[in-house]
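Here's a quick walk through a chain, for anyone who likes to read with the model open alongside. Have a look before going on.

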Amino acid sequence: MNMDLSRRQFLGTAGAGLAGGALGAFGFGEIEAAFADSIRPFKLVNTTETRNTCPYCSVACGVIMYSKGDLKKGEPAEIIHIEGDVDHPTNRGTLCPKGAALLDFVKAETRLRYPMVRRPGSDKFERISWEQALDRIARLMKDDRDANFIAANADGVTVNRWTTTGFLAASATTNETAFATYKVVRSAGMVVFDNQARV
Ligand code: SF4
């Protein structure tokens, strides 16, 4: 926070009488904190609250994202603030440093927003549609499984293993999504299965 600016704003708001006595009594740091406290409740006025889950690790802390802009009116919604959800049973409003920095994560210029592919022999990635990405993934998975599926081991025991393709899932999904993902991956025989939290 800009110290000079906040002091000027505080003095203008609170008046010279208060400032005369309070400056010496509290010190500049407390004055600045008091001013910040006085305006903080207005920061989130007219924002839309959206519940979500921190995507970083398997703790899966609940967060609330505050956005400005009404989608129903065709306005672009922009997230301006993210904080811990006090009603969430896991974190009760708290966030670790990674979760507390989620706004930077959301707005990072390097964030991947759409599927990209680097074709064989190419030295660069190119953007493709979600339909193209899903078709390509399905095609490659089917071809690889058909070519490399191991139905039985050397002793003739049925093993149904698919060891040449791996699946990276997300640790911050719902229980239902995680259950469905696990069933799809394991029923296909896939052995290599992980997520970003390594659980
Ligand atoms: S806030 Fe921290 S502990 Fe909670 S899910 Fe995110 S990374 Fe994990």
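## Asn-160 and its surroundings

Asn-160 is exposed because just 12 C-beta neighbours fall inside 10 Å; the scheme here calls a residue buried if 20 or more other C-beta atoms lie within 10 Å of its own, exposed if 12 or fewer, and partly exposed in between, with C-beta atoms placed from the backbone. Asn-160 sits in strand S7, and its phi is positive, near 50°, though the residue is not a glycine. As background, most residues other than glycine have a negative phi.

A word on the ground rules. This is a predicted model, where local features need pLDDT of at least 70, side-chain atom pairs count only at pLDDT 80 or more, and totals for chains, interfaces and linings use all residues. Numbering starts from 1 along each chain as its sequence is written.

## Val-159

Val-159 belongs to strand S7 as well, which covers residues 158–169. Helices (H or I, at least four residues) and strands (E, at least two) are DSSP runs, numbered from the N terminus. Why is Val-159 exposed? Because it has 12 other C-beta atoms within 10 Å.

Once neighbours within four places in sequence are set aside, Val-159 is in contact with Ile-150, Ala-152 and Asn-153; contact here asks for C-beta atoms, placed from the backbone, within 7 Å. Val-159 and Gly-189 are 30 residues apart in sequence, yet their C-alpha atoms are 8.5 Å apart in space.

## The S6-S7-S8 sheet

S7 is part of an open three-stranded sheet ordered S6-S7-S8, and the pairing is mixed. The edges are S6 (150–152) and S8 (190–195), each pairing on one side only. Neighbouring strands are turned by 25° against each other on average, direction ignored; the axes are lines fitted to C-alpha atoms, for helices over the stretch in contact, and angles run from 0 to 180 degrees between N-to-C directions. Strands count as paired if DSSP finds at least two bridges between them.

S6 and S7 run antiparallel and are joined by two bridges. Ile-150 has Arg-161 in S7 as its bridge partner, while Ala-152 has Thr-158. Five residues lie between the strands of this hairpin, where Gly-156 takes a positive phi near 85°. On the other side, S7 and S8 go parallel over five bridges, and Leu-168 has Asp-194 in S8 as its bridge partner.

## The S1-S2-S3 sheet

There's also an open sheet of three strands in the order S1-S2-S3, with antiparallel pairing. S1 (48–53) and S3 (78–84) are the edge strands, each with pairing on one side only. On average, neighbouring strands here are turned by 30° against each other, direction ignored.

S1 and S2 share six antiparallel bridges, and S2 (residues 62–68) pairs with S3 in the antiparallel sense over six bridges. Which residue of S2 stands opposite Glu-49? That's Tyr-66, and Tyr-66 in turn stands opposite His-81 in S3. Ile-64 faces Glu-83 in S3 across the pairing.

Just before this sheet, look at Asn-46, in the loop between helix H2 (16–39) and S1. Its phi is positive, about 65°, although Asn-46 is not a glycine. Asn-46 counts as exposed because it has 9 C-beta neighbours inside 10 Å.

## Core and ligand shell

The largest nonpolar core has eight residues: Cys-54, Cys-61, Val-63, Met-65, Ile-82, Leu-95, Leu-102 and Ala-172. A core means buried Ala, Val, Leu, Ile, Met, Phe, Trp, Tyr and Cys residues joined through C-beta atoms within 7 Å. Not counting residues up to four places away in sequence, Val-63 touches several residues, including Cys-54, Ile-82, Gly-99 and Leu-102.

Around the ligand you'll find Cys-54, Tyr-56, Cys-57, Val-59, Ala-60, Cys-61, Asn-91, Leu-95, Cys-96, Lys-98 and Gly-99; to qualify, a C-beta atom, placed from the backbone, must lie within 6 Å of the molecule. This shell divides into eight nonpolar, two polar and one charged, where Ala, Val, Leu, Ile, Met, Phe, Trp, Tyr, Cys and Pro count as nonpolar, Asp, Glu, Lys and Arg as charged, and the others, Gly among them, as polar.

## The whole chain

Zooming out, the protein chain comes to six helices and eight strands, running α-α-β-β-β-α-α-β-β-α-β-β-α-β from the N terminus on. Of its 199 residues, 8% count as buried. Among contacts between residues at least 6 apart in sequence, 43% join residues at least 24 apart.

Conventions:
Two residues are in contact if their C-beta atoms, placed from the backbone, lie within 7 Å.
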